[in-house]
Amino acid sequence: MAITAAHVARAPRIRLGMVGGGRDAFIGAVHRSAARLDDHYDLVAGCFSSSAEKSIASAADLGVARAYADFTEMAMREARRKDGIEAVAIVTPNHMHAPVALQFLKRGIHVICDKPLTHTLAEARKLAKAAEASDAIFALTHNYTGYPMIRQAKAMVQAGDLGEIRLVQVEYAQDWLAEPIEASGQKQADWRTDPARSGAGGSTGDIGTHAFNLAGFVTGLSVQELAADLQAFVPGRRVDDNGHVLLRYQGGARGMLWCSQVAAGQENGLRLRVYGTKAGIEWEQENPNYLMVGPLGQPKYRLTRGGAGSGDSAARVTRIPAGHPEGYLEGFANIYSEIARVIVARRDGTALDPAVTFPGVKEGVEGVAFVDACIRSSARNAAWVKLNV
């Protein structure tokens, strides 16, 4: 008998809900694409806006049957349904992350939250306690940790290929806020430059947290203290749009982090360089399929995603052969697929692949503590301060 798709057993898709991400939202569409890419999730419910009309309209656009205008009602009603959501994606402005997550966590619904974790450190700590007390999984979508060559870099550091880490240099430079576009009502700029919604950090919270997380993910090092010089170059802007940060890592390594949203000509310039006693590595997000390796005293060489010399850590999150570019959406999808593996293993009582990894509430608190420390340091003329993790 011929085997058809109907005869092939597979785990049922995870029933996914979403809060935020309605019409005109940027990151909601990214999350939905990432969730569907590997076919692990079905989006079945959402509170896509605080406006009932807009939430219903957004649900209709997406073919989602259950639309809510209130996230608390959504959490309560979905928890009572036999076919209710198993996980929720939170894609709201930062100040709503904690209130939404708390409602779903206390009902045992897994949470997939956009970064940064919260808009204040006090809220981050409160949310961390709730996540630890809940049986639900809490994941934070620092999507760059899903890139194959970042996984390759991390594996090389862990294997000792770089030797003892001495120097970490990471930067994330953009130019989209080089002019006061928030004054024109541009939606993304409006809330990202409003400290009541974004948090006290501007570029530090929006993209600095990505750079900070990426450096920690690859090196495994923890920042002990930092000295930050933050600026708001655009007149009247209430949050920083540029930051230079010196880092002292536990164990003696030193680092520098630059985040800017006013660097003219820069689009999405996330770059990481790590130097040890044996070798250095370089990676840039705009060319993410390559990792440059510079062994001490030897010629520099390039590893390619899916190519010769690339190891198992990169291969397990690689979809297509070398030479075919993978990037932003695929990296995001890798995070969603890693989360799905944990959810399915828990649901089915099966063993989990120990290679599965994704950022969680711990990394979220560290990111908010980084922003808090940057603000405290800059207010004291770039004094050295400790991170209050």
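# Questions on a predicted fold

Student: How many residues separate β12 and β13 in the hairpin that they form?

Tutor: The two elements are strands, and strands (E, at least two residues) and helices (H or I, at least four) are DSSP runs, numbered from the N terminus. Two strands pair if DSSP finds at least two bridges between them. In the hairpin of β12 and β13, the number of residues between the strands is five.

Student: Which pLDDT condition applies to side-chain atom pairs?

Tutor: Residues are numbered from 1 along each chain as its sequence is written, and side-chain values use heavy atoms, with hydrogens and water left out. This is a predicted model, in which totals for chains, interfaces and linings use all residues, local features need pLDDT of at least 70, and side-chain atom pairs count only at pLDDT 80 or more.

Student: Which residue in β13 stands opposite A279?

Tutor: β12 and β13 run antiparallel and are joined by four bridges. Opposite A279, the residue in β13 is P295.

Student: Which residues of strand β13 point to the buried face?

Tutor: A residue is buried under 20% relative accessible area, exposed over 50%, and partly exposed in between, with a 1.4 Å probe and protein chains only. Side chains alternate along β13 (residues 290–295), and Y290, M292 and G294 point to the face where they are not buried. The buried residues, on the other face, are L291, V293 and P295.

Student: Which residue in the turn between β13 and β14 has a positive phi?

Tutor: β13 and β14 pair in the antiparallel sense over four bridges, and the partner of V293 in β14 is Y301. Five residues lie between these strands in their hairpin. The turn residue with a positive phi, about 75°, is G297.

Student: Which are the edge strands of the sheet?

Tutor: Nine strands make an open sheet of mixed pairing, ordered β14-β13-β12-β11-β7-β10-β9-β8-β15. Each edge strand pairs on one side only, and these strands are β14 (301–304) and β15 (385–386).

Student: What angle does the direction of helix α9 make with that of β10?

Tutor: β10 (residues 254–260) pairs in the parallel sense with β7 (residues 165–173) over seven bridges. Helix α9 (residues 203–219) packs on the sheet, and β7 and β10 are among the strands it touches; contact means heavy atoms within 4.5 Å. Axes are lines fitted to C-alpha atoms, for helices over the stretch in contact, with angles from 0 to 180 degrees between N-to-C directions. For α9 and β10 the angle is about 150°.

Student: Why does C259 form no bond with the sulfur of C374, and at what distance is that sulfur?

Tutor: C259 is the bridge partner of Y172 and counts as buried because its relative accessibility is 0%. A disulfide needs a pair of cysteine sulfur atoms within 2.5 Å, and a search of the whole structure finds zero. The sulfur of C374 is the closest to that of C259, but it is too far for a bond because the separation is 6.9 Å.

Student: With which side chain does that of Q231 make a polar contact?

Tutor: Q231 lies in strand β8 (residues 223–231) and counts as buried because its relative accessibility is 17%. A polar contact is a pair of N or O atoms within 3.5 Å; within protein, one must be able to donate a hydrogen and the other to accept it, and residues adjacent in sequence count only if both atoms are side-chain atoms. At 2.7 Å, the partner side chain is that of N242.

Student: How far apart are the end C-alpha atoms of helix α11?

Tutor: The expected span of a helix is 1.5 Å times one less than its number of residues. The 21 residues of α11 (residues 328–348) should therefore span 30 Å, and the distance between the end C-alpha atoms agrees, at 30 Å.

Student: What is the omega of the peptide bond from K115 to P116?

Tutor: P116 is in the loop between β5 (110–113) and α5 (121–133). G199 lies 83 residues from P116 in sequence and 9.5 Å from it in space, C-alpha to C-alpha. Most peptide bonds are trans. The bond from K115 to P116 is cis, with omega near -10°.

Student: Is D24 buried or exposed?

Tutor: D24 is in the loop between β1 and α1 and has a positive phi, near 75°. At 65% relative accessibility, D24 counts as exposed.
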